[in-house]
Amino acid sequence: MPWTSTNRIYAKPNSSSGEGIPSLPASGATAAATAAADTGGRFELSDHGYGKSSVKLLHVHRDGDIHSIREFEVSTELKLTSESAYIVGDNKEVVATDSQKNTVYVLAKKHGIKTPEEFGAVVVNHFLYTYRQVVEAKCHVTEYPWERLQAGAPHNHAFIFSPIATRWCEVSQARHEAVKVKSGLSGLRVLKTTQSAFVDFVQDEYTTLSDAAERIFSTVVEAEWTYDNMRTADFDNAWLTVKDAILDKFAGPPDVGIYSPSVQHTLYQAEKTVLEKVSEITWIRMTMPNKHYLNIDVSKFPANVTKGDPRHYIYQPIDKPAGLIYAQLRRRPKSHL
């Protein structure tokens, strides 16, 4: 579902009157403490933040007899204006990580969770609006892949864990700035037994690898992407489109498949399909490490030992070392000429 609230996109400046906003602690020497001041200008705290990791929750939506579930793991991170907690141990402005955990549960109960991205935006927006000492908030959401159990028909309230791929997102927002959303897919492991090759690569004194006109192609796909227009983005559809594009360009039609001359080519075709189908996505990056399956050479054994059904082929899985292929495809900026 597209976002409907502009407040989920922009965190507006706190009003000068401070209406509805907690007051900052009284100023003093500790409030102004910085690493630069503490070290006489020799050092500075170039980055800092803190938060709560791995807050687990199960969201159940009960609509009569029909129940729906989504399970998440949520991590929060806040950056404060003050360095006092680090420099002098002054915790007056610190929003406890336990309070951040409680906030995740309360916001989930209050608003529900339509998508990981929208919930992440609700969380970061809450911290910016509630605590004026927060200058930046981040939220990482991982969704566990549950599917409705099919028992002849879709079951009303039973589900099965289906770890085909893991969905995640990172939502961040600095005060007075637009929210930033990066979505991702991880752990999509695929394999096909034919229509894959790797030939005509560099051959020199360091090469021992032979051309492979026919090989097993297996990889574990990781992908991440960002959005140009988040107000109209359909996050669920975008994630499914990325997954389907990867599977389509990897496998092809079920009866004839699709030829892959290299992992690089398959990766690029999948990324191009995503940008063509989801206009809100600005760029997409994928990695595809090789998961090698090497043919077992049985020619060294006597024929009477190896003779058997010629349809049997045996391969040895090799995890390491492995080739790693990646690329990022983005839209070119539009010319204003």
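Here are three short exercises on this predicted model, each with a worked solution. Residues are numbered from 1 along each chain as its sequence is written. Local features need pLDDT of at least 70, side-chain atom pairs count only at pLDDT 80 or more, totals for chains, interfaces and linings use all residues, and side-chain values use heavy atoms, with hydrogens and water left out.

**Exercise 1.** Work out how the chain is built overall.

Solution. Start with secondary structure: seven helices and twelve strands, taken as DSSP runs (helices H or I, at least four residues; strands E, at least two) and numbered from the N terminus. Next, burial: 36% of the 337 residues count as buried, that is, under 20% relative accessible area with a 1.4 Å probe, protein chains only. Then take contacts (heavy atoms within 4.5 Å): of those with a separation of 6 or more, 70% join residues 24 or more positions apart.

**Exercise 2.** Find where to be wary of the prediction.

Solution. Check pLDDT, the predictor's confidence in each residue, from 0 to 100. The chain averages 91, and 90% of the residues score at least 70. Now look at residues 1–11: pLDDT is below 50 there, yet the model gives this stretch 42 contacts beyond near neighbours in sequence. Residues 15–31 also stay under 50, with 16 contacts beyond four places in sequence.

**Exercise 3.** Place Gln264: which helix holds it, and is it buried or exposed?

Solution. First, Gln264 sits in helix H6, residues 263–277. Second, Gln264 counts as partly exposed because its relative accessibility is 44%, between the buried cut-off and the exposed one (over 50%). Finally, the C-alpha atoms of Gln264 and Ile325 are 6.5 Å apart, although 61 residues separate the two along the chain.
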